[in-house]
Amino acid sequence: WRCRPLVQPATIVVVLALAASGCGEISAPSGLKAQGKEGKVDLAWDLVEDAVAYEVLRSTKAGGPFFLVGAVEGGVFVDAPVVNDLDFFYFVRSVD
């Protein structure tokens with residue numbers, strides 16, 4: 001999924017996948033949306049029942065490597081600061 005930002009047309013955000021993580025049977029989050037802005041990327045997704053957190057991983061290449069850029073308890077994450085004029089690939093995974 002590609003999202004072209006309103007502020008910096010050269011910044012392209014690519015959401016690669018959603019996944020689940022943890023020991024139990026937990027679903028991956030769905031409904032992921034991304035919006036690239038000047039120096040940041042806003043990510044949002046639907047909450048997963050029984051998830052206690054969500055980890056956001058990023059790479060500048062589709063095949064990785066991916067690095068953890070943050071973890072949150074809710075369905076919103078702001079990845080900042082980021083460099084404009086780059087492609088970003090994200091994994092968001094639910095954690096139980």
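## Close-ups of an eight-strand chain

**Figure 1. The whole chain, with contacts that reach far along the sequence.** Among contacts (heavy atoms within 4.5 Å) between residues at least 6 apart in sequence, 60% join residues at least 24 apart. What you're looking at is a predicted model, where local features need pLDDT of at least 70, side-chain atom pairs count only at pLDDT 80 or more, and totals for chains, interfaces and linings use all residues. Residues are numbered from 1 along each chain as its sequence is written, and side-chain values use heavy atoms, with hydrogens and water left out. The protein chain has eight strands and zero helices, so its elements read β-β-β-β-β-β-β-β from the N terminus on; helices (H or I, at least four residues) and strands (E, at least two) are DSSP runs, numbered from the N terminus. Of its 96 residues, 41% count as buried. Here buried means under 20% relative accessible area, exposed means over 50%, and partly exposed is in between (1.4 Å probe, protein chains only). About 5300 Å² of the protein chain is exposed, and carbon and sulfur atoms supply 55% of that; the areas come from the Shrake-Rupley method with a 1.4 Å probe, and for residues only the protein chains shown count as cover.

**Figure 2. The largest nonpolar core.** This core has 16 residues, and those with the most contacts inside it are L43, W45, Y54 and V56. The elements giving it two or more residues are β4 (40–44), β5 (53–59) and β8 (87–95). Strand β8 provides the largest share, three residues. A nonpolar core, by the way, is a set of buried Ala, Val, Leu, Ile, Met, Phe, Trp, Tyr and Cys residues joined through side-chain atoms within 4.5 Å.

**Figure 3. W45 and its neighbours.** What does W45 touch, not counting residues up to four places away in sequence? Its partners are P29, S30, G31, L32, Y54, V56, V72, G74, G75, V76, F77 and V92. Two of these, Y54 and V56, are also listed with W45 among the residues with the most contacts inside the core.

**Figure 4. K37 with D42, and R93 with E55.** Side chains of opposite charge can pair when their charged atoms come close. A search of the whole structure turns up three salt bridges, each one a side-chain nitrogen of Lys or Arg within 4 Å of a carboxyl oxygen of Asp or Glu. K37 pairs with D42, their closest N and O atoms being 3.0 Å apart. K37 is partly exposed, at 27% relative accessible area, while D42 counts as buried at 18%. In another salt bridge, R93 meets E55 at 2.7 Å, N to O. R93 sits in strand β8 and E55 in strand β5, so this pair ties together parts 38 residues apart in sequence. R93 is partly exposed, with a relative accessible area of 28%.

**Figure 5. D79 and its surroundings.** Is D79 buried or exposed? At 4% relative accessibility, D79 counts as buried. D79 forms a salt bridge with R58, with the closest N and O atoms 2.6 Å apart. D79 lies in strand β7 (residues 76–79) and R58 in strand β5, so the pair links parts that are 21 residues apart in sequence. The side chain of D79 also makes a polar contact of 2.7 Å with the side chain of Y90; a polar contact is a pair of N or O atoms within 3.5 Å, where within protein one must be able to donate a hydrogen and the other to accept it, and residues adjacent in sequence count only if both atoms are side-chain atoms. Leaving out residues up to four places away in sequence, D79 touches G39, K40, V41, R58, V69 and Y90.
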